[in-house]
Amino acid sequence: MNLSATPTSLAIAEPLVQAAAAPLASIDMGSNSFRLEIAHMPRGQYKRLEYLKETVRLGAGLDSEGMLTEAAMQRGLDCLRRFAQHLVGFPAARVRAVATQTLREAKNRDAFLERAKEALGYPIEVISGREEARLIFAGVARLQASNKPRLVIDIGGRSTEMILGKGRRPLTAESFQVGSVSLSLRFFPDGKFTAEAFRAAQVAAGAELEEALTLFKPSMWLEALGSSGTVGAVAQILAASGVTDGRITPDALRWCIEQALAAGSMDKLKLAGLKEDRRAVVGGGLCILYTLLTQFGIEELMPAKGALRQGVIFDLVERLEAENAAALGLAAADMRDASVAALQRRFSVDLPQAQRVGAVAQNVYAQLQPRATRERQRELAWAAALHEIGMMVSHHDHHRHSAYLLAHVDAAGFSQDQLKRLGNLALGQRGGLRKLEGLLGDESLLWQLFSLRLALIKCHGRDAVDVNALQLSRQGHRVRLSLPKQWPANRPRTHFLLQEEAEAWSRSGVLELILA
């Protein structure tokens, strides 16, 4: 049997190969450091092209009210401008920037992100702790493959992620609000190392991590790996000092803590392999590591090859391949589609109704926004698929429940910002438009919402519909809906709802809907 590819199959495969072969970039905006990774994947092999890391200490810039200071924001903006110089010519579809715990917490994050987007030249997504954990595991699993059940730990500046998985599949992923920066600021604020401070910091870390004891107990994994900054820094100290070959053990950590206590302060701590940018956070990092190893029965923790930034690139490749496959009429495998399907099952969504609404909404949107990006089209499809999840809470004001659930749910593949956008579409699916005042200046959101609302009116009877029934034309913000002459008589309820819709948009002052 000849298993070589036919010319047709080669033509289909070529765009999928190109999706990974061209350079891609990820930016990891962590609480301690910002990192830029540029890589490509010729023939499925990960090849790093460029890597930049800057210690920004964004997490140290959160004041007592949860606001980022101007000085911290400026450090971040300056770093992003330098990163932007390495991204000249990169199309937006091949760059993904993600922000983690500090920007999950910061009350003024939107103001900073607006400036950060301008400095970088690309959108920035704030991801949830569980999504961060999933992407960390994706980076480790691809760059350090194994079929053993494994525990992966990533200690960041303000959060610690723990993931239990096997192969490329994460089974349990959690994020805890304790990190090397936050713990160091709290228990070693003046840079002094004392036995009391180390004990207090370990107790605090243990209290935060205690709820994970049953989720990640030793019987569930065969090897433990540590990803990213803190683990890498401690492993370098241990290897350079000749204590271990880089593996981290409870005895080795006790040796590190003893050296810190003997020095008395971070300024006087002299350890081979300790980099200057890690000095200010080494105390907190050691406390979290020691707590993890002793509390979870980890005899040794090995440094991992992969991290969040590589996981972002692998995820980006999957998205690009899914888009190319969809364009060729092939099955697309985007993690976000799986998350939407899981949410539909969890909240017992009326699937036929969701499919009807989605089909009509996409048809309307294509007429109004024929040049919309694939991502905007997919957002509308996801919003239609999930617009009724609030029904599980209550039929009364279900759109408000749907909006809340979408804005706060953990959904693999989605950023917090994109989920909030889907929540806004769900909120605006019915009723007055004043609740979205200020948001409808976003043209892409405006037309997504308009399409969703018209689709819901068309599908309000919850029975079979002609998805092509609504014929529209648009001039600026004036939309003309052409209706057959017999509509008012044959479909009085639908016509009544369309008249109310036209009045709602008229009151908003945003656009004009003309029923012709």
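**Buried residues, salt bridges and a sheet**

Reader: Why does Arg421 count as buried?

Author: In this predicted model, Arg421 has a relative accessibility of 12%. Buried means under 20%. So Arg421 counts as buried.

Reader: What makes Arg421 and Glu379 a salt bridge?

Author: Their closest N and O atoms are 2.8 Å apart. The cut-off is within 4 Å. So the pair qualifies. Arg421 lies in helix α16 and Glu379 in helix α14, so the salt bridge ties together parts that are 42 residues apart in sequence.

Reader: Is Glu379 buried or exposed?

Author: Glu379 has a relative accessible area of 3%. The limit for buried is under 20%, so Glu379 is buried.

Reader: Why is Glu276 called exposed?

Author: Exposed means over 50%. Glu276 has a relative accessible area of 58%, so the word fits. Its salt-bridge partner is Arg279, with the closest N and O atoms 3.2 Å apart. Arg279 counts as buried, at 11%.

Reader: What makes Glu70 partly exposed?

Author: Partly exposed lies between under 20% and over 50%. Glu70 has 42%, so it falls in between. Glu70 forms a salt bridge with Arg115, at 3.0 Å between the closest N and O atoms. This pair links helix α2 to helix α4, 45 residues apart.

Reader: Why do β3 and β5 stand at the edges of the sheet?

Author: The strand order is β3-β2-β1-β4-β5. β3 and β5 each have a single partner strand, so one side of each is left without a neighbour in the sheet.

How values were computed: Residues numbered from 1 in each chain as written. Predicted model: local features only at pLDDT ≥ 70, side-chain atom pairs only at ≥ 80, totals over all residues. Heavy atoms only, no water. Pairing = 2+ DSSP bridges. Helix = DSSP H or I, 4+ residues; strand = E, 2+ residues; numbered from the N terminus. Salt bridge = Lys/Arg side-chain N within 4 Å of Asp/Glu carboxyl O. Buried < 20%, exposed > 50% of the residue type's maximum accessible area, 1.4 Å probe, protein only.
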